[in-house]
Amino acid sequence: MSKLIGFFKDVVSEMRKVSWPRRKELTRYTIVVLSTVVFMAVYFGLVDLGISRVLEWYLAL
């Protein structure tokens with residue numbers, strides 16, 4: 001049990017050393033992540049659509 005308590009004390013100690021982002025930084029990072037996710041979703045959607053059309057064309061021959 002003392003190992004578990006020591007572990008959590010170490011966790012708290014390390015969390016105090018963490019440099020947390022400011023609100024402005026956090027907003028900027030959130031926008032970057034969301035725009036990247038949207039871009040990748042559109043990209044893979046278009047790639048999937050293209051591959052589907054090519055396969056439909058090939059199977060229709």
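Buried residues account for 0% of the 61 residues in this chain. That is a helpful starting point for a newcomer, and it comes from a predicted model, as do the other values below. The accessible surface of the chain amounts to about 6,200 Å², and carbon and sulfur atoms hold 70% of it.

The overall form comes next. Two helices and zero strands are found in the chain. Its radius of gyration is 24 Å, well over the 10 Å that the globule rule gives for 61 residues, so the chain is more spread out than a compact globule. Along the principal axes, a box of roughly 70 × 35 × 10 Å holds the C-alpha atoms.

Helix α1 covers residues 2-16, and Ile-5 belongs to this helix. Ile-5 counts as partly exposed because its relative accessibility is 44%, a value that lies between the limits of 20% for buried and 50% for exposed. Ile-5 also contributes to a nonpolar surface patch of about 930 Å². Its partners in that patch are Met-1, Leu-4, Phe-7, Phe-8, Val-11, Met-15, Val-18 and Trp-20.

Helix α2 spans residues 23-60 and includes Leu-26. With a relative accessibility of 46%, Leu-26 is likewise classed as partly exposed. A sense of distance can be had by following the chain from this residue: Ser-52 lies 26 residues away from Leu-26 in the chain, and the C-alpha atoms of the two are separated by 38 Å.

Charged side chains complete the picture. The chain carries 9 positive and 5 negative side chains, and the centres of these two sets are 14 Å apart. The count of salt bridges comes to one. This salt bridge joins Glu-14 to Lys-17, with 3.3 Å between the closest N and O atoms, and the cut-off for such a pair is 4 Å. The two partners fall into separate accessibility classes: Glu-14, at 46% relative accessibility, is partly exposed, whereas Lys-17 is exposed, since its relative accessible area is 60% and the class begins over 50%.

Terms used:
Residues numbered from 1 in each chain as written. Predicted model: local features only at pLDDT ≥ 70, side-chain atom pairs only at ≥ 80, totals over all residues. Heavy atoms only, no water. Patch = residues over 30% accessible without salt bridge, like charges linked within 9 Å, V, L, I, M, F, W, Y side chains within 5 Å. Areas by Shrake-Rupley, 256 points an atom, 1.4 Å probe, with all protein chains shown as cover. Salt bridge = Lys/Arg side-chain N within 4 Å of Asp/Glu carboxyl O. Helix = DSSP H or I, 4+ residues; strand = E, 2+ residues; numbered from the N terminus. Buried < 20%, exposed > 50% of the residue type's maximum accessible area, 1.4 Å probe, protein only. Rg over C-alpha atoms; globule rule 2.2 N^0.38 Å. Lys, Arg positive; Asp, Glu negative; His and termini not counted. Charge placed at Lys NZ, Arg CZ, Asp CG, Glu CD.
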